[in-house]
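Good morning, and thank you for making time for this presentation. I would ask you to keep the sequence and the structure in view while I speak.

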Amino acid sequence: MRVTLASQPAEPGRENEDFAAAAPGAAVLLDGAGVAKAETGCTHGVAWFSATLGGLLLSTITAHPAWPLAECVADAISAVRSLHEDDCDLAHRASPTSTVVAVRTVAEALEYLVLGDSSLLLADKNTGPTAVTDRRLDDIGKRLRGPVDALPTGSPEHAAALAEYRDVLTGLRNRPDGFWIAGPDPDAAEHALTGTVPLGSLSSVTLLSDGATRLVDRFELTTWQKTLAVLDSSGPAELIRRVREVEAGDPDGQRWPRGKAHDDATALHWTLA
């Protein structure tokens, strides 16, 4: 088994709010969510939240192999909450959150969990890659993003529309009629997508933040099969380089409307055979 990892912030010199790490038989990826320069009620910040939650989660899923992954996520959320609930306002509606992708090998199976809009790419030896992604946030976005996507990325008008859109999303966070993501409430873990795959059927497993999947799901310039070929031959760093190359050719979002011209991008590629 071999793990390769690449992660890059949205802009040089900016804090990377993604987190990914691996241990023998386990891996996690988290994509922190927050609004830049906005009040969140937390003095630590989004990057601290995703990194702290990710580190605790990886420790939990390796230390407790009999626990379901959703229980591990809930436990890690509770642990992070205990670290800063006395100093931060966790009831603030914009408190830091994060997507979660977690995988673990147990006996002859791979267990997985996906919460939020990061993705898990499972490469079956016979049928090719299958992407597991929680689409609830995307479905809401398609209904609400029209005013945002109609404006040039980075313009004052776009920024105002984006702020309004994010405010609406915040109100739909961790609600039955909205979407689910890791935040201060451990009950969100119960709403994650989970499953088990025979380990012997897989050639690789890849954890991807949405900044690394743009070529497929935002720009629609390639397929998961071709993405897997890049990962196998050249690794995650090459995938992210290709994302940045396309983004640079459309800095104003005129061809591909999006909230940010660039996003933090992380890919962890775990080769099993």
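I shall begin with the chain as a whole and then turn to individual helices, loops and residues.

Please bear in mind throughout that this is a predicted model. The secondary structure comprises eight helices and eleven strands. For a chain of 273 residues, a compact globule would have a radius of gyration near 19 Å, and the chain has 18 Å, which agrees. Along the principal axes, the C-alpha trace spans about 50 × 45 × 35 Å.

Turning to burial, 51% of the 273 residues count as buried. The chain exposes about 12200 Å², and carbon and sulfur atoms supply 51% of that area. If we take the contacts between residues at least 6 apart in sequence, 73% of them join residues at least 24 apart. As for charge, the chain carries 24 positive and 38 negative charges, and the mean positions of the two sets are 6 Å apart.

Let me now take helix H5, residues 156-172. What span should we expect of the 17 residues of H5? At 1.5 Å a residue the expected value is 24 Å, and the end C-alpha atoms are 25 Å apart, so the model agrees with expectation. The buried residues of H5 include His158, Ala161, Leu162 and Tyr165. Further along the helix, Leu169, Thr170 and Leu172 are buried as well. Their cover includes helix H3, residues 136-144, and helix H4, residues 146-149.

The loop between H4 and H5 contains Thr153 and also Gly154. Are these two residues buried or exposed? Thr153 has a relative accessible area of 9% and is therefore buried, the cut-off being under 20%. Gly154, by contrast, is exposed, with a relative accessible area of 69%. Beyond its sequence neighbours up to four places away, Thr153 touches His158 of the helix we have just discussed. Thr153 also touches a set of residues later in the chain, namely Pro251, Asp252, Gly253, Arg258, Gly259, Lys260 and Ala261. Ala261 has a further relation to this loop: its C-alpha atom is separated by 7.5 Å from that of Gly154, although the two are 107 residues apart along the chain.

On the other side of H5, the loop leading to strand S9, residues 193-198, holds Ala182. Ala182 is buried, with a relative accessible area of 0%. Which residues does Ala182 touch, not counting those up to four places away in sequence? They are Phe49, Leu53, Ile77, Pro96, Thr97, Ser98, Val100 and Leu115. For comparison, Ala182 and Val205 are 23 residues apart in sequence and 22 Å apart in space, C-alpha to C-alpha.

The loop between H5 and S9 also contains Asn174, which lies just after H5 and takes a positive phi of about 55 degrees. Most residues other than glycine have a negative phi. Asn174 has its positive value although it is not a glycine. Glu220 is a further case, a residue other than glycine with a positive phi near 55 degrees. Glu220 is found in the loop between H6 and H7 and, at 65% relative accessibility, counts as exposed.

I come next to helix H8, residues 236-248. Its 13 residues should span 18 Å at 1.5 Å a residue, and the end C-alpha atoms are 19 Å apart, which agrees. The buried residues of H8 are Pro236, Glu238, Leu239, Ile240, Val243, Arg244, Val246 and Glu247. Charged side chains are thus part of this list, with Glu238, Arg244 and Glu247 counted among the buried residues. What do the buried residues of H8 pack against? The strands are S1, residues 2-8, S10, residues 202-208, and S11, residues 265-271. The helices are H6, residues 214-217, and H7, residues 224-234.

Finally, I would draw your attention to Thr60, found in helix H1, residues 46-63. Thr60 is buried, with a relative accessible area of 9%. Leaving aside neighbours within four places in sequence, Thr60 is in contact with Trp67, Cys72 and Asp75. The C-alpha atoms of Thr60 and Asp75 are separated by 7.9 Å, the two residues being 15 apart along the chain.

That concludes the presentation, and I thank you for your attention.

Conventions: Residues numbered from 1 in each chain as written. Predicted model: local features only at pLDDT ≥ 70, side-chain atom pairs only at ≥ 80, totals over all residues. Heavy atoms only, no water. Helix = DSSP H or I, 4+ residues; strand = E, 2+ residues; numbered from the N terminus. Buried < 20%, exposed > 50% of the residue type's maximum accessible area, 1.4 Å probe, protein only. Contact = heavy atoms within 4.5 Å. Rg over C-alpha atoms; globule rule 2.2 N^0.38 Å. Areas by Shrake-Rupley, 256 points an atom, 1.4 Å probe, with all protein chains shown as cover. Charge placed at Lys NZ, Arg CZ, Asp CG, Glu CD. Expected span 1.5 Å × (residues − 1).
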